[in-house]
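Here is a friendly walk through one protein model, written for someone who would rather be at the bench. Have the sequence and the 3D view open as you read.

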Amino acid sequence: MMSSGFRVFRVDISLVIMCIFYKSTEESLPELSPQNYFSTLQPGKASLAYFCQTDSPSTSIFLEQLNKAVSPLQDYGISVAKVNCVIEETSKYCGNEKDLMKAYLFRGNILLREFPTDTLFDVNAIVAHVLFALLFNEVKYITTPEDLQNIENTLKGNGNMVFSYVKAIGTPEHRAVMEAAFVYGTKYQFVLTTEMALLESIGSENIQHAHLYFFHCEPVLDLAQPCRRTRMERPLTTLNIHIFVKTMKAPLLAEVAEDPQQVSTLHLQLGLPLVFIVSQQATYEADRRTAEWVAWRLLGKAGVLLLLRDSLEVNIPQHANVVIKKAAKDVPVDYLVFYDVDSIVSHVENEIHVEQIQNDEDGDVEDPDLDVQDDEVAETVYRDRKKQLPLELTVELTEETFNTTVMDSDSLVLFYAGWHAVSMAFLQSYVDVAAKLNGTSTMLLTIINCADWSDTCTKQNVTEFPTVKMYKEGENPVSYAGMLGTEALLKFIQLNRISCPVNIASIQEAEEYLSGELYKDLIAYSNVSVLGLFNPAMITAKKYFIEAGNYLKGHAISGIYSEDDVWILSNKYGVTLPALLLARHKEDKIESIPLTGSHAQDIVQIITNALLETFPEITVENLPAYLRFQKPLLILFSDGIINPEYKKAILTLMKQKYLDSLTPCWLNLKNTPVGKGVLQAYFGPLPPLPILVLVNLHSDGRVFAFPSDHSITEHSLMLWVKKLEAGLEHPITTLSAQEWKPPLPAYDFLSMMDAETSQQHPTKKVPECPKERDAQERGKEQHEDKSTVKKEPTETLRIKHWNRNNWFKETEKSLRHDKEL
């Protein structure tokens with residue numbers, strides 16, 4: 001835990017910066033000469049020295065951030081100073097130019113660490129790096145699940161662990177963890193990682209954000225038993241971590257026998273609510289078990305107490321079995337009735353969420369600076385710019401190596417631009433895919449930076465970033481049009497391992513195909529297998545099906561059977577040729593669809609619709625696919641897995657065609673937290689869950705709620721839908737028809753350039769760019785992607801256009817929209 005050497009001298013740490021010729025308006029940094037500085041060093045004291053001999057913009061920026069770090073470092077007993085190098089005094093730290101690009105951390109006269117100055121890019125990075133270096137015994141950095149397991153096993157029966165994941169070293173979240181370790185490092189073992197795969201290994205969700213877990217290892221005596229884990233769900237700030245860790249030290253459950261209004265505990269002092277489970281002597285044991293379950297579920301979010309009704313002088317309403325006391329002063333307690341643990345936990349979490357939103361709104365700036373656009377992707381890329389990606393798992397292409405590489409092997413090429421934020425963000429997902437496929441696939445994953453090799457990208461018809469294309473010998477390149485994420489891209493690669501459609505040779509092979517046995521390793525990526533049935537004379541119909549299969553390559557598993565005995569399958573499944581058989585493997589059923597008169601685009605639409613689930617869980621990724629039906633959404637909001645009885649009722653009505661005019665679906669707030677904001681827009685205060693809502697997004701924007709006092713059954717739901725159709729229900733709210741747009745339009749640099757040119761030459765026609773003409777001529781000499789019909793000028797490589805509002809009119813635009821959304 002906390003090293004004794006550091007514990008003794010922690011209040012005597014000093015941070016010293018050396019620089020010459022830098023004239024700052026701030027006087028908070030004392031200036032010393034090298035001789036004076038080194039004479040002040042004392043055993044056990046730490047200092048950070050930065051040497052420079054010239055005044056430069058980069059030096060000014062660094063020292064400006066250091067000035068901001070003076071106050072927070074002083075809070076931890078760390079003093080800050082700068083030392084001027086002078087010609088009269090020699091020092092090896094005032095040496096060559098490379099030395100001047102580093103900061104040196106000392107304890108006494110012993111050098112502990114060298115920091116490149118670009119790693120200390122802001123006040124958070126400075127504080128985080130200094131504390132991280134000094135707390136090397138208290139905070140263990142790990143990279144693999146095995147490292148985490150070893151530490152966990154060591155702590156079982158001995159102590160507890162605070163495990164945190166941050167996206168990069170030097171971020172505000174990293175600083176918050178280090179500040180917490182400074183305070184609690186003697187009591188708990190702190191463990192830190194920046195590896196996303198390690199976070200995935202413990203089953204974490206929503207891993208795009210920083211995470212912090214408390215591992216309860218001290219009570220565990222059996223090495224085979226895992227430590228119970230509690231996740232901190234609030235953002236990683238110093239205050240939130242402090243509150244969270246303090247609640248881990250508090251008793252899990254306490255018993256009280258007094259007026260809830262008069263009870264005060266540590267949780268209340270920390271701004272957290274109290275939840276009283278009302279008990280009586282006859283049901284004490286069951287009530288205590290319930291209270292313990294609730295306490296574990298709300299650990300770190302609220303305090304839980306067992307309220308003994310029989311010993312109370314104050315009257316508790318007879319119907320109430322739960323009492324909730326908020327942290328705010330002079331707020332009366334709430335007497336409530338709940339019938340299960342999930343309802344209690346859901347209500348408390350909703351109350352906390354609403355309170356956090358209100359606090360955030362109260363802290364918002366009234367007049368934001370509209371000259372600055374809030375680009376979260378760009379911000380994330382900036383924060384992660386120091387994180388080294390394992391690009392050795394991919395092959396970097398150039399103009400000289402592109403043709404030979406993609407022609408000699410099956411290759412996947414990522415066309416990106418180093419200056420483009422979305423490209424750089426997607427590069428992380430691309431590398432993750434390369435890691436997953438490493439050693440298991442013959443597909444070569446490559447990258448090419450179009451900012452460096454624009455001519456090569458132009459010849460491949462790349463007009464937007466990022467773009468992914470698959471190249472196979474003897475085939476046209478296949479463009480990836482899915483979501484810019486790891487799982488979606490991995491699915492695209494795996495489904496491209498087979499032809500689309502694949503030729504089925506016999507009835508037996510067709511049956512194996514429909515059962516999922518033929519390509520069982522691909523079922524995880526596509527739950528539906530499509531088989532086209534044609535007799536050998538149906539040349540045109542087969543042509544359309546093959547065209548549709550080629551278009552859906554990488555998105556679906558499709559096969560074709562066109563032998564003389566195809567009538568056996570036709571009779572067995574009761575369908576007239578030409579036809580489609582849809583094998584839904586999860587539901588273990590096969591559907592048949594006639595294809596008479598269907599063209600390629602019709603078949604694409606049929607298959608695309610078939611890939612959608614009957615009663616889907618709505619997520620950010622799949623929502624556009626269901627919105628294109630232009631039907632009202634019937635959404636069951638749930639805080640976890642939905643009640644099987646509710647699901648059965650909805651599926652039964654769907655089977656009976658009562659819900660054909662709607663798109664039934666459900667939304668798990670744990671998997672899609674943005675759903676809480678959606679519910680707040682509908683109801684204001686979050687309602688108890690689960691709740692069924694009908695949203696008519698495509699016409700009048702009205703929102704209806706299923707009566708909360710009714711159970712969701714086939715009968716009650718059918719009556720409610722009939723009332724809606726008859727106009728007998730009143731909406732709870734009406735959504736505005738305004739479009740969701742960025743606060744400012746994106747800069748169109750080409751238009752600006754054209755306008756400037758027009759002003760300079762008002763009567764002169766702008767000639768065609770010779771570079772573009774030359775590139776088109778040279779393109780004939782190089783391997784080109786001729787699969788894309790639309791050609792765009794070279795200049796559009798610099799700007800990505802997002803003007804495809806009518807994407808749902810054509811299937812091609814529909815698939816492309818998933819990528820752009």
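## A covered helix and its neighbours

Helix α4 (residues 123-134) has twelve residues and reaches 17 Å from its first C-alpha to its last, close to the 16 Å expected at 1.5 Å a residue; the expected span is 1.5 Å times one less than the number of residues. Helices here are DSSP runs of H or I with at least four residues, strands are runs of E with at least two, and both are numbered from the N terminus.

A word on the source: this is a predicted model, in which local features need pLDDT of at least 70 and side-chain atom pairs count only at pLDDT 80 or more, while totals for chains, interfaces and linings use all residues. Residues are numbered from 1 along each chain as its sequence is written, and side-chain values use heavy atoms, with hydrogens and water left out.

How much of α4 is buried? The helix is mostly covered, with twelve of its twelve residues buried, where buried means under 20% relative accessible area, exposed means over 50% and partly exposed lies in between (1.4 Å probe, protein chains only). Among these buried residues are Asn-124, His-129 and Phe-132.

Which helix does α4 cross at roughly 40°? The partner is helix α6 (residues 172-184), and the two axes come within 8 Å. Axes are lines fitted to C-alpha atoms, for helices over the stretch in contact, and angles run from 0 to 180 degrees between N-to-C directions. That angle makes α4 oblique to α6, because angles under 35 degrees count as roughly parallel, over 145 as roughly antiparallel, 65 to 115 as roughly perpendicular and the rest as oblique. The crossing is left-handed, meaning that the near helix is turned anticlockwise from the far one by less than a right angle; clockwise would be right-handed. On the α4 side, Val-123, Asn-124, Val-127, Ala-128, Leu-131 and Phe-132 meet Pro-172, His-174, Arg-175, Met-178, Glu-179 and Phe-182 of α6, with contact meaning heavy atoms within 4.5 Å. By class, this contact has eight nonpolar, two polar and two charged residues. Ala, Val, Leu, Ile, Met, Phe, Trp, Tyr, Cys and Pro count as nonpolar, Asp, Glu, Lys and Arg as charged, and the others, Gly among them, as polar.

Further along the chain, helix α22 (residues 644-655) and helix α24 (residues 714-726) have axes that come within 9 Å and cross at roughly 55°. That makes α22 oblique to α24, and their crossing is right-handed. Ala-649, Ile-650, Thr-652 and Leu-653 of α22 make the contact with Glu-714, Leu-717 and Met-718 of α24.

## Backbone details in the loops

Most residues other than glycine have a negative phi, and most peptide bonds are trans. The table gathers some loop residues to look up.

| Residue | Backbone value | Loop |
|---|---|---|
| Pro-578 | cis bond from Leu-577, omega near -5° | between α19 (566-572) and β25 (579-584) |
| Pro-690 | cis bond from Leu-689, omega near 0° | between α23 (674-683) and β29 (691-695) |
| Asp-588 | positive phi, near 55° | between β25 and β26 (589-594) |
| Gln-630 | positive phi, about 60° | between α21 (623-627) and β27 (633-638) |

Asp-588 is exposed, with a relative accessible area of 71%, whereas Gln-630 counts as partly exposed at 42%.

## The whole chain

The protein chain has 27 helices and 31 strands, and 47% of its 821 residues are buried.
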